[in-house]
Amino acid sequence: MRDVNSFDDFYRSTSGRLLRYGYAVAGDPAEAQDLVQEAYARAWRQWGRLAAHPAPEAWLRLVVSRLATDRWRRLRGWRLAASRTGPPADVGPPGEDTVLLVGALRQLPARQRQALALHYLFDLSVEEIAREAAVPTGTVKSWLSRGRARLAELLPGVADEELEVNDVA
């Protein structure tokens with residue numbers, strides 16, 4: 001059985017040193033935090049045995065080192081693949097239509113925005129959206145209808161046909 005208090009004490013007394021070690025190994029503070037968090041999660045899962053280990057902090061350092069090595073290996077694979085395919089094509093700035101649409105979408109309530117995105121970007125039916133949102137289908141129809149109507153107000157130059165690509169009635 002795991003002793004929560006002893007783990008908490010162990011964490012408090014070692015976490016600062018281990019984070020500094022992780023930073024030294026990884027060379028990146030965010031990466032170090034990820035490595036150390038994963039190491040402590042593994043330590044917690046095995047705390048019953050690890051608490052009796054003669055050097056639990058050394059065990060954690062070993063875990064951090066191995067995790068960092070694994071990540072470097074994965075990154076090396078990604079770099080190799082990228083070197084074979086070349087750099088990705090440059091992505092230009094968003095078009096004016098995109099900027100206007102995103103600005104208009106930000107003015108909608110979150111549920112309407114979510115329903116519109118699921119319907120138009122993922123081609124989900126009203127029933128599928130209702131299941132995912134755990135609401136009645138009528139609610140989804142209302143969100144879609146109100147969302148399209150509000151977008152029509154916010155984007156006066158866009159034809160109704162463009163806003164109603166898929167009929168939801």
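**Exercise 1. Is Tyr 40 buried or exposed?**

Solution. Tyr 40 has a relative accessibility of 5% and therefore counts as buried. The cut-offs are under 20% relative accessible area for buried and over 50% for exposed, with partly exposed in between (1.4 Å probe, protein chains only).

Basis of the values. This is a predicted model, in which local features need pLDDT of at least 70 and side-chain atom pairs count only at pLDDT 80 or more, while totals for chains, interfaces and linings use all residues. Residues are numbered from 1 along each chain as its sequence is written, and side-chain values use heavy atoms, with hydrogens and water left out.

**Exercise 2. Describe how helices H1 and H2 pack.**

Solution.
- Step 1, elements: H1 covers residues 4–26 and H2 residues 29–45. Helices (H or I, at least four residues) and strands (E, at least two) are DSSP runs, numbered from the N terminus.
- Step 2, geometry: the two axes come within 9 Å and cross at roughly 145°. Axes are lines fitted to C-alpha atoms, for helices over the stretch in contact, and angles run from 0 to 180 degrees between N-to-C directions.
- Step 3, handedness: the crossing of H1 and H2 is right-handed. A crossing is right-handed if the near helix is turned clockwise from the far one by less than a right angle, and left-handed if anticlockwise.
- Step 4, contacts (heavy atoms within 4.5 Å): the H1 side includes Phe 7, Phe 10, Tyr 11 and Leu 18, and the H2 side includes Leu 35, Val 36, Tyr 40 and Trp 44.
- Step 5, composition: the contact residues divide into 15 nonpolar, four polar and one charged. Here Ala, Val, Leu, Ile, Met, Phe, Trp, Tyr, Cys and Pro count as nonpolar, Asp, Glu, Lys and Arg as charged, and the others, Gly among them, as polar.

**Exercise 3. Work through the aromatic pairs of Phe 7 and Phe 10.**

Solution.
- Step 1, count: the structure holds six aromatic pairs. Rings of Phe, Tyr and Trp (its six-membered ring) pair if their centres lie within 6.5 Å; planes under 30 degrees apart are stacked, over 60 edge-to-face, and the rest tilted.
- Step 2, Phe 7 with Trp 47: the pair is edge-to-face, at 5.1 Å centre to centre and 80° between the planes. Phe 7 lies in H1 and Trp 47 in H3 (residues 47–50), so the pair ties together parts 40 residues apart in sequence. Phe 7 is buried at 9% relative accessible area, and Trp 47 is buried at 4%.
- Step 3, Phe 10 with Tyr 40: the ring centres are 6.4 Å apart and the planes stand at 65°, so this pair is edge-to-face. Phe 10 in H1 and Tyr 40 in H2 are 30 residues apart. Phe 10 is buried, with a relative accessible area of 10%.
- Step 4, cluster: Phe 7, Phe 10, Tyr 11, Tyr 40, Trp 44 and Trp 47 form one aromatic cluster.

**Exercise 4. Locate and characterise the positive phi values of Asp 123 and Ala 134.**

Solution.
- Step 1, background: most residues other than glycine have a negative phi.
- Step 2, Asp 123: its phi is near 55°. Asp 123 sits in the loop between H6 (110–121) and H7 (126–133), and is exposed at 59% relative accessibility.
- Step 3, Ala 134: its phi is about 55°. Ala 134 lies in the loop between H7 and H8 (137–154), and is exposed at 71% relative accessibility.
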